[in-house]
Amino acid sequence: MLICKNIEKVFDKGMATEKAALQGVNLRLDESDFITVIGGNGAGKSTLLNAIAGVFPVEQGTINIDGRDVTKLAEHACARFIGRVFQDPRMGTAPGMTIEENLAISYRRCKRRTLRWGISRKERDVYKEALSTLGLGLENRMTVKVGTLSGGQRQALTLLMATLQKPRLLLLDEHTAALDPKTAKTVLELTNKMVSDNRLTTLMVTHNMRDALASGNRIMMMHSGQVILDVKNEEKAGLTIPDLLKMFEQASGEAIANDRMLLA
């Protein structure tokens, strides 16, 4: 479904600050795979998601989704089949527009454009039903502006918008990191439910080892721009945080020096 071959990305090439952010990354996701990606700061996790989403070009390698080479596609073109949720709850929504207007933008994405903007009763019913699955009461507040919502409510809405059209690939970039522990738990539970119910192929970056172990059928570890570990299915199910720490040290040759991961 998603195949990345020998992906290389260098920032500030030829300058004193040159950094090889991705170094020969190879990755394959099959249909309905849910991979959690962990690693320290600067490991290349978010850079990999940005490369897949077409945020910037890569120096080398190919990215293929559903048999189509998307390596050189711009971000707006990739958005036709990729849903994405960012770390910052303020991203992904328009704060000055209402909940239903934000959902309309997502629902109509990549559909044929018309001169009509008004939201039909049929569309409104679709949005109301979708919002009810969040369990946050937002289906009764559809005319409220998104900028007035809490961070957790806004992130849940962003998640719903990213999955409303059932994207071929869902990218989650530390989407619970900016939330308080209780809210983060709620959003992660919603994430697991949406991914499972819609059988979405998903890549989720997280610093939280506990969340990485609790979600998905695969766990991938990155270090210095490379994939150093990819554990699947039954093998992943039996892992503990101490197991992950030991595996990281064996694969990388060094200990994890990241408080966010160690405290997770």
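Modeller: Two strands pair if DSSP finds at least two bridges between them; the strands themselves are DSSP runs of E with at least two residues, helices are runs of H or I with at least four, and both are numbered from the N terminus. This is a predicted model, in which local features need pLDDT of at least 70 and side-chain atom pairs pLDDT 80 or more, while totals for chains, interfaces and linings use all residues. Residues are numbered from 1 along each chain as its sequence is written, and side-chain values use heavy atoms, leaving out hydrogens and water.

Colleague: What makes strand 9 and strand 10 a pair?

Modeller: DSSP has to find at least two bridges, and these strands run antiparallel over six bridges. Among the residues involved, Met 221 has Leu 229 in strand 10 as its bridge partner. The hairpin has two residues between the strands, and Ser 224 takes a positive phi near 55 degrees there.

Colleague: Which salt bridge links strand 9 and strand 10, and how do you know that it counts?

Modeller: The rule asks for a side-chain nitrogen of Lys or Arg within 4 Å of a carboxyl oxygen of Asp or Glu. Asp 230 and Arg 218 meet at 2.5 Å, N to O, so the pair qualifies. Asp 230 sits in strand 10 and Arg 218 in strand 9, 12 residues apart.

Colleague: Is Arg 218 buried or exposed?

Modeller: Buried means under 20% relative accessible area, exposed over 50%, and partly exposed in between (1.4 Å probe, protein chains only). Arg 218 has 4%, so it counts as buried. Asp 230 has 31%, so this partner is partly exposed.

Salt bridges with shared partners also join Glu 31, Asp 66 and Arg 168 into one network.

Colleague: How do you know that Glu 31 and Arg 168 form a salt bridge?

Modeller: Their closest N and O atoms are 2.9 Å apart, which satisfies the distance limit. Glu 31 lies in the loop between strand 2 and strand 3, and Arg 168 in the loop between helix 5 and strand 7, 137 residues apart. Both are called partly exposed, Glu 31 at 45% and Arg 168 at 29%.

Colleague: How many salt bridges are there in the whole structure?

Modeller: The search finds 12. Another is Lys 9 with Glu 59, where the closest N and O atoms are 3.8 Å apart. Lys 9 is in strand 1 and Glu 59 in the loop between helix 1 and strand 4, 50 residues away. At 7%, Lys 9 is buried, whereas Glu 59 at 37% is partly exposed.

Colleague: Now the rings: how many aromatic pairs are there?

Modeller: Rings of Phe, Tyr and Trp (its six-membered ring) pair if their centres lie within 6.5 Å; planes under 30 degrees apart count as stacked, over 60 as edge-to-face and the rest as tilted. That gives two aromatic pairs.

Colleague: Why is the pair of Phe 11 and Phe 56 called edge-to-face?

Modeller: The centres are 5.5 Å apart and the planes stand at 90 degrees, so both tests are met. Phe 11 lies in strand 1 and Phe 56 in the loop between helix 1 and strand 4, so the pair ties together parts 45 residues apart in sequence. Phe 11 is partly exposed at 31%, while Phe 56 is buried at 16%.

Colleague: What makes the pair of Tyr 107 and Tyr 127 edge-to-face?

Modeller: Its centres are 5.6 Å apart and its planes at 80 degrees, so it is edge-to-face. Tyr 107 belongs to helix 3 and Tyr 127 to helix 4, so parts 20 residues apart in sequence are tied together. Tyr 127, at 0%, is buried; Tyr 107, at 21%, is partly exposed.
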